[in-house]
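Me: I've got this model open and I'd like a close look at a single part of it. Could you pick one spot and walk me through it?

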Amino acid sequence: MFKAVLLVAAILAQTAGDPPLVDNDRVNVRERPTIGGPTGSIVRQTPNEIWISVTPAKAIVITLKDKVVAPIANTSGFPNAFPRPNNIRVYEDARVIVWDYTWTPGVATPMHFHDKDVVVIYLGNGSLRSTTTDGKSVTNKWAPGDTRFNLRDRVHTETLVDGQLRAIITELK
């Protein structure tokens with residue numbers, strides 16, 4: 001019981017002083033002490049919170065806000081981003097769909113359309129090249145716990161150019 005009280009006090013103290021990783025009208029995302037469990041495991045603490053284990057000592061917490069943005073119609077001619085080959089749907093409810101995806105080095109994902117906003121939490125170390133339909137590309141280096149919010153209405157493909165990279169991707173309904 002005493003350990004639980006200390007953990008809650010530590011979390012509350014961290015909440016007050018640490019800036020969020022992401023804070024917008026849809027989500028607030030923060031780093032917290034881990035929930036336990038293997039890397040990538042998730043816990044739905046409350047109807048508004050999803051905890052994702054990143055390391056034995058760190059979790060990323062996504063707090064959903066009340067703003068709902070409906071998915072947009074896919075008129076791109078490409079398939080939706082999810083589901084995609086070799087991904088795993090690990091959780092779904094009325095507000096989110098959570099996917100677990102591991103990129104294969106040198107193999108591009110199919111060109112795809114994002115109809116929903118997403119929170120991406122990277123697990124592993126690697127460089128991912130994103131290429132749009134006009135052939136423009138950008139390469140980003142990711143490390144465990146790197147977290148991004150990406151808006152819907154995007155078409156691209158992704159290729160892991162080095163390292164090993166996995167992500168927990170939360171689509172916001």
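Reply: Let's begin with a bit of vocabulary: two strands count as paired if DSSP finds at least two bridges between them. With that in hand, look at strand β8, residues 112-114, which pairs with β12 in the antiparallel sense over three bridges. Keep in mind that what you're viewing is a predicted model.

Now zoom in on H112, which sits in strand β8. Across in β12, its bridge partner is H156. Is H112 buried or exposed? The cut-off for buried is under 20% relative accessible area. H112 has a relative accessibility of 2%, so it counts as buried.

Who surrounds it, then? Setting aside neighbours within four places in sequence, H112 is in contact with F78, P79, N80, A81 and R84, and also with R154, V155, H156, T157 and E158. So you'll find the bridge partner H156 in that list too. The side chain of H112 also makes polar contacts: one of 3.3 Å joins it to the side chain of R84, and another, also given as 3.3 Å, goes to the side chain of H114.

Next, follow β12 itself, which covers residues 154-172. Besides β8, strand β7 (residues 96-102) is joined to β12 by seven bridges, and these two run antiparallel. One pair to find there is I97, which stands opposite E171. Strand β9 (residues 118-131) is joined to β12 as well, by 14 bridges, again antiparallel. Here V119 has T170 as its bridge partner.

From β9 you can carry on to β10, residues 137-142: these two pair in the antiparallel sense over six bridges. In this pairing, G126 stands opposite W142. β9 and β10 form a hairpin with five residues between them, and in the turn G135 has a positive phi of about 90°.

Finally, step back to see the whole chain. The protein chain has one helix and twelve strands, and in sequence order the helix is followed by the strands. Of its 173 residues, 38% are buried, and H112 is one that counts as buried. If you take contacts between residues at least 6 apart in sequence, 67% of them join residues at least 24 apart. As for the outside, the chain exposes about 8,800 Å², with carbon and sulfur atoms supplying 58% of that.

Definitions and conventions:
Residues numbered from 1 in each chain as written. Predicted model: local features only at pLDDT ≥ 70, side-chain atom pairs only at ≥ 80, totals over all residues. Heavy atoms only, no water. Helix = DSSP H or I, 4+ residues; strand = E, 2+ residues; numbered from the N terminus. Buried < 20%, exposed > 50% of the residue type's maximum accessible area, 1.4 Å probe, protein only. Contact = heavy atoms within 4.5 Å. Areas by Shrake-Rupley, 256 points an atom, 1.4 Å probe, with all protein chains shown as cover. Polar contact = N/O pair within 3.5 Å; in protein donor to acceptor, adjacent residues only side chain to side chain.
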